[in-house]
Each structure stands twice: as structure tokens, then as C-alpha cells.
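Reader: I am new to this structure and would be grateful for a close look at a single part of it. Please take the strands as the main subject and go on from there to the parts that follow.

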Amino acid sequence: MTVSFAEAHDRLRALASGGPTAVLAQAFAGAGEELALVGGPVRDAFLGLEVKDLDFTTSADPDTILRIVRPISDAQWDVGRQFGTIACRIEGWVVEITTYRADVYDGQSRKPEVEFGTSLEDDLVRRDFTVNAMALRLPQLQLVDVGGGVEHLLERVLDTPREPEQSFRDDPLRMLRAARFTSQLGFVAAERVVESMQELAGEIERISAERVRDELSKLLLTRDPVPGIRLLTDTGVLQRVMPEVPALRLEADEHAHHKDVYEHSLTVLQQGIDLWASRNPDAEPDLVSRLAGLLHDIGKPATKRVEGRVVSFHNHDLVGARMAKKRMRALRFDNDTIAAVTRLIELHLRFFGYSEAAWTDAAVRRYVRDAGEQLERLHVLTRSDVTTRNRRKAQMLDFAYDDLERRIEELAEQEELDAMRPDLDGTEIMAILDIEPSREVGEAYKMLLEARMDHGPLGKERATELLRQWWAERG
């Protein structure tokens, strides 16, 4: 939603008339320094969105900023001092104030050489997109728009204040930000932005893996990441940072038909987002679930086999899990996220035999045990992976998974399935067998866990008998 100019002006006036904005405006004016509310808050006022962050830019240098804000704030942080940014807390708000920038890029390094500027207009024209390059001078309440940001907001177009070639060469990460804002704001990238992304796609390799990871994560966590992913794929940028996804656009075979794996994966991603929200209405967007949805079939290109008119992708789950782990390590994802995503990819096909033959209780227990903490995410991924246009088949799979979830709930009530453990712990195993900690203790534990899954709770007496029998058979 985009509001009228008059409505946006009223929203900005209200924002500037009280709270930390008014306090800062008075303090900086009293010190003879310029101050402006900049970027996201101004943009969001025109979009009718709630303002959650307050960012300011100023003529004051970092030392002067600190001197001005100390008397009016109850906490200050200068972690961004080298970039001209000081953060402080005023009336419960954490705000950031940055000195005008006039950065210099050499086109080779991953980061600019930071230089401070003297003009608000020069600072704005160096920003990423016109919709983020608007400012409200304080306390004058004068809107400064150097690149036509208001017009672009009304047209819902994403463009750059300067020539996009220069903007993207200055900071190639802006190409990923273009995709993120396309999804986050529901805008369309200007034709010249798309052309520049195609031309300069290789420049993204100058950016550190950590910055790329963070921007990709922000894209995936937007309300609708699919348009942004399409933009990155179509311009060749995604090929440079996550090539496994563009590779899903498998070459069509006129004789052997299979579904479009790329389009299927985007559908699974979107269905998973919707399903997660419906099952977890109060939860935040889940990055692990979204990464698994996007990457669950990346093993298919490497495992594709054609025999006559039949196409197969045997073991693409296991191959895909290894590929996902390698890519996510390269992008410096944390170990917990990598482990969760790869586990989901490994297990995403496990269910599809259930609709053909009912599982035993032991099979259901193993499904839960293998999923572990990822069970809820596996439910979402498996259900989202059904994209068939055959309504009868889709209903059959949906009914089968309903039945599986019902059985999991019933077994959980009966057996505390979420805390699946053998009936004897390691200490008890060592006491019964009169052995010290060793590999044999682990093997005994595993044997008892398998028996627990096959037969349900055994009780300590029966488990002890089974343990002694197993030990005797080992000689």
C-alpha cells in the first residue's frame, strides 16, 4: 500500500513532533549541526508501514555526535565509529546517527574507504536505491528527494539515484539488496537496474561470504522471496553465489518428461512459507525451513537418469544434502543451521512410501527419531513438496500425511516419543554387564534403542534380559 503525499507528510510530522526524533532535532539544532531522518523510516511513511527503526544522518562527526547525545540518552555505543555511526538509546528507542558519507571505492576491495561528507544531498545520492535515498530535514520538516524516490514509490519501481552501473560497482552487494527489496516491498526493478545486474553479475564475487549470506537470508525471510530469487536467477547473480538453484532449470527432453524442478522448488518454498505460518501463527519466519524448501531438490541435476521415457533421480536426497552442506559452509552459515537444513533434505523423501503401505509402529518411531528436533519442519517440507496438478493424487497424499501425524501424536501420548531412549541408560548397562566405559556400551545402547523402536517400551526387567542375551551371544 502506498499512501498519498499529504498522508505521508502527516505521518512524518507526527513522527518528528515527539519521542526521540524531537529530542534529537532540538539537541542537534542547539549544537549548530544539521540532522535528518533518513532512509527506511521516510520510505515506510509513504508505504503506510509501521516505523520500527529510526536512522538519522548529520553534519556532525562521530565525536560531536557522542558529545550531543550523552546528555539526552541513557546508553551509547560507538561500535560503528570508524564508519561514522553512533548508536544510542532515547526513550526506549535504539537509534543510529551517521555522519554524512562521501565514500571512495577503488573497484577492487570488498569495502569502501570511508570518507565523511559535508552535504546531505551528496550523502543521499550515494545510497543504494531512490526509495531509500529520501530524508526529512529536522526540525524544518523539509523533504529532500535527490533521485525521484517519491515518484518511484508511487510507481512501485526500484531504481538507483545514480547510474546503476556506478552504484553496483561501488558496492556489488546492492544487487542482492535489489532482489531483497523487490520481494520485501513488492516493487519491480527498473529495466536499467536489471541490465546492469546482468552486466555486472560477476562483481558479486568481490563481496565477502558473510555479507552475501546475510543478504540472502534477509531475502529468504521476506514475505514473498520468490520474485527476488527470480531476479537473481534471471540476471545471473545467483549463479555466482548459489549456483545449485539456477542449475535446477534442467534442459527439457522432448521424449522423457518431468516436472520443471526450478519452478517446483519455488512453489515448495512458497507453500512452505504459507504452511509454516498457518501451523505456527505466532512464530517468526523460519530461515531453516525456507532454506530446506529452496534447496531440497538440488541433487536432481547430478542424479538425473533417462531410460526410454522414464526420468529418475535416484538418491538425489542424499546427494542434495551433501551439496547443500558444501554450499552453506562456503557461505559461512552456522553449524546448527547447516545440520538442520541438510537433515531435512536427507529425510524429505522418507514419507512417500507411507501412502502405498501403512507403516508399522516401529517405522513411525524411526521417522520421529530420525527427524529429532526437525520433526515440525519435516512435516512442513513434506507437505509442501506435493505440487502435483493431479487433484486425486494430492488429496491421497494429504490424507496419508494426516494419518501419519495422527499416529505420531497417538504414539507420543503412549510412549513419550519425543524423548525416545532405551529402557536402560549407559550407567545401568555398565552395571549389568560389569564393564567400564567402552565402545561396547554404545553398541549395547544402540541395540536397546532399536528394540525400543521395534517393540515399544520394554520395561527394565525385559530390557535387562535382552541385554544379557545380547552380551552372551557376543561371547
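Which residue in S5 is the bridge partner of Thr85?

Author: The bridge partner of Thr85 is Thr98, which lies in S5. The model under discussion is predicted, and the pairing just named belongs to a wider arrangement around strand S4. S4 covers residues 85-90 and S5 covers residues 93-99. The two strands pair in the antiparallel sense, and six bridges are found between them. They form a hairpin in which two residues lie between the strands. In that turn, Glu91 has a positive phi of about 50 degrees.

S4 also pairs with strand S3, which comprises residues 75-80. This pairing is again antiparallel, over four bridges. Within it, Trp77 has Ala87 of S4 as its bridge partner. S3 and S4 likewise form a hairpin, here with four residues between the strands. Gly84 in this hairpin takes a positive phi near 85 degrees. S4 is thus paired with S3 and with S5. As for its surroundings, five of the six residues of S4 are buried, so the strand is largely enclosed by the rest of the structure.

A salt bridge may be added to this part of the description. Arg81 forms it with Asp78, and the closest N and O atoms are 3.2 Å apart. Arg81 has a relative accessibility of 29% and therefore counts as partly exposed. Asp78, at 37% relative accessibility, also counts as partly exposed.

A second group of strands is built around S6, residues 134-138. Five of its five residues are buried, so S6 is largely enclosed by the rest of the structure. Met134, Leu136 and Leu138 point one way from the strand, whereas Ala135 and Arg137 point the other way, and all are buried. Strand S1, residues 35-38, runs antiparallel to S6 and is joined to it by four bridges. In this pair, Arg137 of S6 is the bridge partner of Ala36. S6 also pairs with strand S7, residues 142-145, in the antiparallel sense and over four bridges. Here Ala135 has Val144 of S7 as its bridge partner. The hairpin of S6 and S7 has three residues between the strands, and Leu141 takes a positive phi near 60 degrees in it.

From the strands, the description may pass to a helix. Helix H14 runs over residues 287-295, and nine of its nine residues are buried, so H14 is largely enclosed by the rest of the structure. Among these buried residues are Leu287, Val288, Arg290 and Gly293. The elements that cover the buried residues of H14 include helix H10 (209-220), helix H11 (226-235) and helix H13 (261-279). Also included in that cover are helix H16 (316-330), helix H17 (335-347) and helix H19 (375-384).

Two of these covering helices, H10 and H11, pack against one another at an angle of about 135 degrees, and their axes are 8 Å apart. The angle makes H10 oblique to H11. On the side of H10, the contact is made by Leu216, Leu219 and Leu220, and on the side of H11 by Gly228, Ile229 and Leu232. By class, this contact of H10 with H11 holds five nonpolar residues, one polar residue and no charged residues.

The salt bridges complete the account. The structure holds 37 of them. In one, the side chains of Arg127 and Asp123 meet at 2.9 Å, N to O. Arg127 is partly exposed, with a relative accessible area of 25%. Asp123, by contrast, has a relative accessible area of 3% and is buried, since buried means under 20% relative accessible area.

Another salt bridge joins the side chains of Arg240 and Glu205, at 3.1 Å, N to O. Arg240 lies in helix H12 (residues 237-241), while Glu205 lies in the loop between helix H9 (191-200) and H10, so the pair ties together parts that are 35 residues apart in sequence. Arg240 counts as partly exposed at 43% relative accessibility, and Glu205 counts as partly exposed at 47%. Finally, salt bridges that share partners join Arg279, Glu376, Arg383, Asp398, Asp402 and Glu405 into one network.

Notes:
Residues are numbered from 1 along each chain as its sequence is written. This is a predicted model: local features need pLDDT of at least 70, side-chain atom pairs count only at pLDDT 80 or more; totals for chains, interfaces and linings use all residues. Side-chain values use heavy atoms; hydrogens and water are left out. Buried means under 20% relative accessible area, exposed over 50%, partly exposed in between (1.4 Å probe, protein chains only). Contact means heavy atoms within 4.5 Å. Two strands pair if DSSP finds at least two bridges between them. Axes are lines fitted to C-alpha atoms, for helices over the stretch in contact, and angles run from 0 to 180 degrees between N-to-C directions. Angles under 35 degrees count as roughly parallel, over 145 as roughly antiparallel, 65 to 115 as roughly perpendicular and the rest as oblique. Ala, Val, Leu, Ile, Met, Phe, Trp, Tyr, Cys and Pro count as nonpolar, Asp, Glu, Lys and Arg as charged, and the others, Gly among them, as polar. A salt bridge is a side-chain nitrogen of Lys or Arg within 4 Å of a carboxyl oxygen of Asp or Glu.
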